[in-house]
Amino acid sequence: MATFAFIESNTSGTGELLLRKALGKGFDIAFLTQTPERYPFLADLLVHPVQVDTDSEERVLEVIQGLDDVVAVFSSSDYYVRTAAAIARRCGVFGADPDAIDRCRHKGRQARALTEAGIRTPRTFQFNDREAARAARDELGFPVVVKPVAGSGSIDVRLHHDDDSFLAHVDQLLAAKSNERGQPVEAGGLVQAFVEGAEFSVEAVGFGGHIEILGVTRKYLGDPPTFLELGHDFPAGIPDAVERQLRAHAHQSLVAVELRQGPSHVELRLGEGGPTTIEINPRLAGGMIPVLMQHAFETNILGLLIDIYAGLSPDMPKRCVQAASIGFFVPRAPGVLDRVVQRAGRDPAIVDVLVTKARGDVLVRNGDFRDRIGHVIARGPTPEKSRAAVDGYLSGCDIVFGALGGMLDARAQNTGRLARTLHPEATRIAYPDAPPEARQKTFAMLAAIDEAHLVMLVERGILAASRAGVLLRYIQQLKASGFRQLLGEQEPRGAYMLYENSLINELGIEIGGAAHLGRSRNDIGATLFRLNLREAVVRVEKSLWRLRSTLVQQAQRSTEIAMPVYSQFQVGTPGTLASYLLAVEQALSRDAAALRDILAALEFCPLGACAGGGTSISVDAVMVASLLGFRETCRSALDAVASRDLGLRAVAAVAIAGTTLTRLAQDYQLWTTLEFGFFELPDDLVGGSSNMPQKRNPYLLEIIKGRAIRPSGQWSAMIAGLHKVPFSNSVEVGSEAMAGLHEALHAFDEAATLMSLVVEGARACPEAMLRSGRTGMAAAIGVAEVLVRDTGMAFRAAHQRIGSAITQTLAEGRDPVNALDAPLFVNRQGSKLTRFGVRYLLKKHITAGANATRTLQQKRIHPHSLRHTTAIFLLKAGVDFATISQWLGHSSLNTTMTYARADIDLKRQALMQVFPEILAPPRAGHVSSAAINIVDWLKRL
């Protein structure tokens, strides 16, 4: 499979989208980074990062040269585009000119190149002390712009009208040692003349010897003195003559800096004298501009870029068929985020709303792209239409800070049979307060279920379209507001009754109470259970995949690290670190298979089962299941609401996997002790002692063992909770027995994540492993077996004879390894064994090779495994390479290494088989967009 290598990424959204496009085109992804935690989306995409010092071109090149069939090297990060271009050139694949990128990234050099080519650009002076900055200010006069020599996202770019702020900013840049990525920076900065005018950018890509201008973007900036971009329109919506002028000016600018390959983002100001080039960025545009372009062209712009870098023929967009706009959520002041609330309805033109910060996150104001906490994207026939939709949405939103308001009293609920709500003390116990985000998620799921059910009732002619339309429109309002009117209220009889009461109180019982026809809280609850469980199992499967991938990757690096196989805490036979890691992965692969079976079983929708006996209403359960993204309906109404065995099976799977994790963690904890010394853990994976200064505590391994065993305890509680419960729906089944379900899955998720970090971070100490194998006489069993084969001796006699020789050697105070070199061990030709009997051990394996290919294809442990580990032991012990190769019966030792690595390659291939059910986004909280668009459906009513 061809490999597409990414070196770091931007963090504003398009970095993740580029990886998705490359995966969708069938590439194997190699993502190189020194800080994997910066990219949480990698786990969602099942991309295992390669951790390397990406600030070192040589280290990056070493990693990439070790990859298979690299067809592209790319970075969407301003800070690493130069590294990617240099590596691409050295690897002989498509890339921009590194010198041109240097010229662009150094804003002073860029300005000089543009000026020398006669391109209109602001007068620019570079300073490395206060005097030079003052001289530039005196030459230009206020207002002036001060910025770093190199940077991105408007970081530390300010407009100044007075000396005090100007000099304070100059001092800040002179004192700077590193940028936001921790890279060293050139002291000083630039002073530029300020250019009045509207702001635009021109998006372009160069390939095949020419520069293709893709279009012009209009930019909306915040108030001075910063240059924070608050929104964009694509296309810009300007007269054709003006657009041609901007395109031509950008093209001339790119030629002037000799940037003819790869993507570029040229920032311009349009004043009375025409366009002025502010900056040329040798990278893909940020701020989600490529996504706007995709909407406008209805062409996959990011996929086009992937094709260009992979050497494929791109399908260039011809013209825009519509416009797209984006606006960003930006807090007016710093604070702690509570939530983003929309006060009004959602315009159908809105296609994407995303808040990237979570409740409790601290929001700061930097005056650059880091201030943005989310975005709104809209499409329309013109830029004016799409911009109006974005502005309307943003104006109807509030960014709320601080704690949530007080809880409201529960509404009185008269069910006809019950005149009062549940006792307050009973309510607090039966329905404990959940975090707002968890309640919001539940309400979103209930809304999705209602939408699917109501659409079905109308389509079946069971409910009048007029009544359903009122309900659906109000549900849309609830969703758009984030269910804020429900979040602060107590649940008198659970979340569903609170949700239904809100419909009734707002719309009246004739409309608000119409949605519950042909269903029950029982099948709704069973559906919520399956939606939540599916999401949790997907998350656990991803963390398990990451651990398995880590084990295989570490095994790939450890095929030549000799380590004995232990039996009952004693040295047993020769082995390697790779064989140990692969064995653990093999065990975990069966747990992964069990989780996938559970995901398949969760594809059956309970809706339509009602309370366990179905319904006399002629509902279309298949349609509802399809709208919610399920593949089938449950085949038994009673089983649909009475069973929670899938929860049991999920916890059983992670309990078994968790037990394996505890064994792995126990081995690592033992092997990191001074007595073994097999591994060393880095400082960021250990703790210190408050009393003993010499200690380095691998306490994360203890946390792993504690978390990983929790599912076993929860499973015992769950199975006991279901014991002798009648086979029907009940609170015991749906709530009490399942109380520990998500805690168990969450605990395993954390344990697997920690174990991945430990396995990846642990540094092997091959000398200690080899010493243990030698002093533990790992070769003894091989000598016994070959002695039987060469002399015809009974195995038990050979076993006893070798044991006696070891005992005698120990009694004489000699190295026990000498026992395996005793004269009594002779072959049929009378030749004495040397090298502590290893020649016999080797000869035992020379005959095993005829079925190697077949066994490898069957993915079994092949006969070369022990041969390989023995060869490594000999090589480390000082036996010369040629002698080992001769004894092994191969022309070279490389052949044996190839057999061992083949086993790893098979496992890597298996891990690369991406499971659709894992990558598919959770469907909780929305009707499947592939099945129906509720807004469009409402328009037809």
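A nonpolar core is a set of buried Ala, Val, Leu, Ile, Met, Phe, Trp, Tyr and Cys residues joined through side-chain atoms within 4.5 Å. Keep that idea in mind as you explore this structure, which is a predicted model.

**The chain as a whole**

Let's start with the overall picture. The chain's secondary structure comes to 36 helices and 25 strands. Of its 941 residues, 51% are buried. Now take the contacts between residues at least 6 apart in sequence: 72% of them join residues at least 24 apart.

**Two nonpolar cores**

The largest nonpolar core has 64 residues, and those touching the most other members are L533, L661, Y668, F679 and M755. Several helices each supply at least two residues of this core, among them α19 (521-556), α20 (577-601), α24 (699-722) and α26 (741-761). Which helix gives the most to this core? That is α23, with twelve residues.

M755 is a good residue to click on. Setting aside its neighbours within four places in sequence, M755 is in contact with L547, L661, L664, A665, Y668, L701 and I704. There is also a second, separate core, made of 45 residues, and its members include F4, F94, M288 and L304.

Helix α27, residues 766-775, is another supplier of at least two residues to the largest core. The buried residues of α27 are A768, M769, L770, S772 and G773. As a rule, an α-helix has 3.6 residues a turn, so residues three or four places apart point the same way. Just after α27 you can find M777, which takes a positive phi of about 55 degrees.

**An open sheet and its helices**

Next, move to an open sheet of four strands, where the order is β3-β2-β1-β4 and the pairing is parallel. Its edge strands, each pairing on one side only, are β3 (50-51) and β4 (70-74). Strand β1 (residues 3-7) pairs with β4 in the parallel sense over four bridges. To see this pairing up close, look for A5, which stands opposite V73 in β4.

Two helices meet these strands, and the table sets them side by side.

| Helix | Strands touched or crossed | Angle between directions |
|---|---|---|
| α1 (residues 14-24) | β1, β2 (28-33) and β4 | about 150 degrees to β2 |
| α4 (residues 81-91) | β1 and β4 | about 155 degrees with β4 |

**A closer look at E8**

E8 sits in the loop between β1 and α1. Is E8 buried or exposed? E8 counts as buried because its relative accessibility is 1%, and buried means under 20%.

What do the side chains around E8 do? The E8 side chain makes a polar contact of 2.9 Å with that of T33, and another polar contact, of 2.7 Å, joins the side chains of E8 and T54. Leaving out residues up to four places away in sequence, E8 also touches other residues, including F31, Y39, S75, Y80 and R181.

**Cysteines**

How many disulfides does the model have? The count comes to zero, where a disulfide would need a pair of cysteine sulfur atoms within 2.5 Å. Two cysteines show contrasting surroundings: C320 is partly exposed, with a relative accessible area of 26%, whereas C765 is buried, with a relative accessible area of 11%. The cut-off for buried is under 20%, so a value of 11% falls inside it.

Conventions
Residues are numbered from 1 along each chain as its sequence is written. This is a predicted model: local features need pLDDT of at least 70, side-chain atom pairs count only at pLDDT 80 or more; totals for chains, interfaces and linings use all residues. Side-chain values use heavy atoms; hydrogens and water are left out. Buried means under 20% relative accessible area, exposed over 50%, partly exposed in between (1.4 Å probe, protein chains only). Two strands pair if DSSP finds at least two bridges between them. Contact means heavy atoms within 4.5 Å. Axes are lines fitted to C-alpha atoms, for helices over the stretch in contact, and angles run from 0 to 180 degrees between N-to-C directions. A polar contact is a pair of N or O atoms within 3.5 Å; within protein, one must be able to donate a hydrogen and the other to accept it, and residues adjacent in sequence count only if both atoms are side-chain atoms.
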